[in-house]
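Take a moment to look over the chain before reading on, and keep the structure in view as the text moves from one part to the next.

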Amino acid sequence: MNVIYPLAVPKGRRLCCEVCDAPAERVCGACTVTYYCGVVHQRADWGSIHEKICQLLIPLRTSMPFYNSEEERQHGLQQLQQRQKHLIELCYTVAQKYIFEGKHEDAVPAALHSLRFRMNVHGLSSVELVPAYLLLAEASLGLGRVVQAEEYLSQAQWTVLKSTECSYAIHSLLHRNLGLLYMAKENYEEARYHLANDIYFASCAFGTEHIRASGGYFHLANIFNGLKKLDLADTLYTKVSEIWNKYLNDHYQVLSQARIQQIDLLGKRFETDTGLDEAQEAEAIQILTSILNIRESTSNKAPQKTIFVLKILFMLYFLMMNSSKAKEYALRALHLAKKQKLSVQEQNTIQDLLNLISVEEAQPIT
């Protein structure tokens, strides 16, 4: 980190902090194109996203080279736009992951970067800005800054209202965040209205049984759980669990068969995959562990429901190639099945999961 010397700054040029837009006093010594008001915001940005994108910012924030022809210039502009689009998605995914992990402070700089790149690529009034506004709103809610969250949500709503081409997916995200806002304000009637709309638009975009619709069901279940409407909450938590079970089981079955074939043919360990990005994996972990905590608090009444969620978490971590966590959840499921004296068939099913982990651990990584 280097201090900015005022006399070295071109006349008329205003250097602003990357995080708060205040006058900058320091510059990143690694890329020399990113500015901060002080050490606190530099450290916050570095820990959030800057470490990942530091060198990627240099070609975006330095003057374009001289081109010999218009064709070369157009090619250079296209490359610049592609870099910005890559950074939009990278910053957005990183910010989402932080939010699902409960790291709301870390999410803010990454979400701000995503918003700025969206503005550069799509303009100041594009509906493409809405996902970044919603991330910032959700991070603000997580930090207890309700007024700031309302400001970001107002920006998002206004942008959607002005747009003639707003997708169902963006409508779904908007209503989900409005639902979260009203949950924070304890206006549960309004929250239910928006979460119902979230589920409707997500279902239109992806289908009623898609994982992208599960978040709306999950938050709606949390409302009913908080209001002690336990039967409704239980139905919705089951719905969410079934959605994730189907999605992960489909991947699990396909990849398990492919893994067996790969081992038979080549004697090599097969690389597994969830089909999710990092943010979606973090969302799955957050939703399923929350449901597990609720199920475990009533596991004496319905142990099968607890075991069902434990098996889903096993599949998730197995597909994420985290054998130790997968084994942990399978062992917990087996312990509960034995404690509650569930059928031998159920216990054998869980034992098969543990055997699969043992086979995986025994295979050499090549």
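Helices and strands are here the runs that DSSP assigns, a helix having at least four residues and a strand at least two, and they are numbered from the N terminus. The model is a predicted one, and a helpful place to begin is a region named in a record: for "domain: MYND-type", an unreviewed UniProt entry lists residues 17-54. Over residues 17-54 the chain is 39% helix and 11% strand, while the C-alpha atoms at the two ends are 15 Å apart.

Strands of a sheet pair through backbone hydrogen bonds, and they may do so in a parallel or an antiparallel way. In this model three strands make up an open sheet, in the order β1-β2-β3, with antiparallel pairing. The edge strands, β1 (2-3) and β3 (35-36), each pair on one side only. Two bridges join β1 to β2 (residues 26-27) in the antiparallel sense, and Asn2 has Val27 of β2 as its bridge partner.

Further along the chain comes helix α5, which covers residues 130-142 and has 13 residues. From its first C-alpha to its last, α5 reaches 18 Å, close to the 18 Å expected at 1.5 Å a residue. Is this helix mostly enclosed or mostly open, and what covers it? Eleven of the 13 residues of α5 are buried, so the helix is largely enclosed by the rest of the structure. Among the buried residues are Val130, Tyr133, Leu136 and Leu141, and the elements that cover the buried residues of α5 include α3 (70-100), α4 (104-122), α6 (146-162) and α7 (168-184). Just after α5, Gly144 takes a positive phi of about 80 degrees.

Technical notes: Residues numbered from 1 in each chain as written. Predicted model: local features only at pLDDT ≥ 70, side-chain atom pairs only at ≥ 80, totals over all residues. Heavy atoms only, no water. UniProt positions renumbered as here; feature names shortened; annotations may be inferred. Pairing = 2+ DSSP bridges. Expected span 1.5 Å × (residues − 1). Buried < 20%, exposed > 50% of the residue type's maximum accessible area, 1.4 Å probe, protein only. Contact = heavy atoms within 4.5 Å.
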